[in-house]
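Please open the structure in your viewer and keep the selection tool at hand. The tour below proposes, stop by stop, what to select and what to look for.

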Amino acid sequence: MNSQRIWRIGLTGGIGSGKSTVAGMLAARGAAVIDADAISRNLTAPGGRATAQISQVFGSHMVDADGAMDRQAMRALIVNNADAKKQLEAIIHPLVSLITAEQAQAALQSGQNCLVFDVPLLVESGERWRRQLDRVVVVDCDAPTQKQRVMARSGLAPEEIDRIIALQASRTQRLACADVVIYNQGLRLAELEAQVAQVASDFGL
């Protein structure tokens, strides 16, 4: 491995902020993007590493015939049950941390110098993520823009989007945690790319 500095970057942003687009642009420049959400989804997908434990803790009815967690049933259970939510997190979070570390190690062994951890709930997780990172990059836009983008791509009802936005950290909280802000509002893709290129160059990309 060369002796270049290793960067560990946290990338976050609210729903509809354009975080995944920015992650893709950083990956195209040679960053190793480690997607905490995708890891979490895979854990509860058919044959995922969390499903046996979920079945054990919550009962076999929480795992469907394909060996995946029944997301709808789990959502219905944890929406008003803080203990069940904690139990689920106690299964998922350590596994996400473990697989994140495995993927980071693999990226470093293959000679990559910039690891981008794409973490939607980075701000909400407090110090758990922060202490592992050199910089936090926040992709930012206002709530009406978030809502417009999510409606356009997902067809979710406006009140459902409002509910998701309300559950996430506020824009103010995210910006307070940011070392770098990519302001993604009213931009053409090329303008966003120019901002990303500028940020990427600081991290050796």
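Begin by selecting helix 1, which spans residues 19–28 of this predicted model. Colour K19, V22, A23, M25 and L26, the buried residues of the helix. Now look down the axis of helix 1: these buried residues line one face, because they fall within an arc of 160°. Next, add S20 and A28, which are exposed on the other side of helix 1.

What do the buried residues of helix 1 pack against? Display strand 1 (7–12), strand 2 (32–35), strand 3 (114–118), strand 4 (135–140), strand 5 (180–183) and helix 10 (189–202); the buried residues of helix 1 pack against these elements. Before leaving helix 1, select G30, found just after the helix, where phi is positive at about 110°.

The second stop is V139, in strand 4. Is V139 buried or exposed? V139 has a relative accessibility of 1%, so V139 counts as buried, the cut-off for that class being under 20%. Show the residues that V139 touches, leaving aside those up to four places away in sequence: L11, T12, G13, G14, S17, G18, K19, V22, I182 and N184. Two of these contacts, K19 and V22, are also among the buried residues of helix 1. Then draw a distance between the C-alpha atoms of V139 and A23: they are 10.0 Å apart in space, although 116 residues separate them in sequence.

For the third stop, select F117 and W129. The model contains two aromatic pairs. One of them is formed by F117 and W129, a tilted pair with 5.7 Å from centre to centre and 50° between the planes. F117 belongs to strand 3 and W129 to helix 6 (residues 127–130), so the pair ties together parts that are 12 residues apart in sequence. Both F117 and W129 are buried.

Now turn to the surface and select L175, V181 and Y183. Together they form a nonpolar patch with about 230 Å² of accessible area. Within this patch, V181 lies in strand 5. V181 counts as partly exposed because its relative accessibility is 39%, a value that belongs to the class between 20% and 50%.

The last stop is E89, in helix 5 (residues 82–109). E89 is partly exposed, with a relative accessible area of 29%. Finally, select R174 as well: E89 and R174 are 85 residues apart along the chain, and their C-alpha atoms are separated by 22 Å.

Key: Residues are numbered from 1 along each chain as its sequence is written. This is a predicted model: local features need pLDDT of at least 70, side-chain atom pairs count only at pLDDT 80 or more; totals for chains, interfaces and linings use all residues. Side-chain values use heavy atoms; hydrogens and water are left out. Helices (H or I, at least four residues) and strands (E, at least two) are DSSP runs, numbered from the N terminus. Buried means under 20% relative accessible area, exposed over 50%, partly exposed in between (1.4 Å probe, protein chains only). The arc is that of the directions from the helix axis to the C-beta atoms. Contact means heavy atoms within 4.5 Å. Patches are made of residues with over 30% relative accessible area and no salt bridge: like charges are joined within 9 Å, nonpolar side chains (Val, Leu, Ile, Met, Phe, Trp, Tyr) within 5 Å. Accessible areas come from the Shrake-Rupley method with a 1.4 Å probe; for residues, only the protein chains shown count as cover. A salt bridge is a side-chain nitrogen of Lys or Arg within 4 Å of a carboxyl oxygen of Asp or Glu. Rings of Phe, Tyr and Trp (its six-membered ring) pair if their centres lie within 6.5 Å; planes under 30 degrees apart count as stacked, over 60 as edge-to-face and the rest as tilted.
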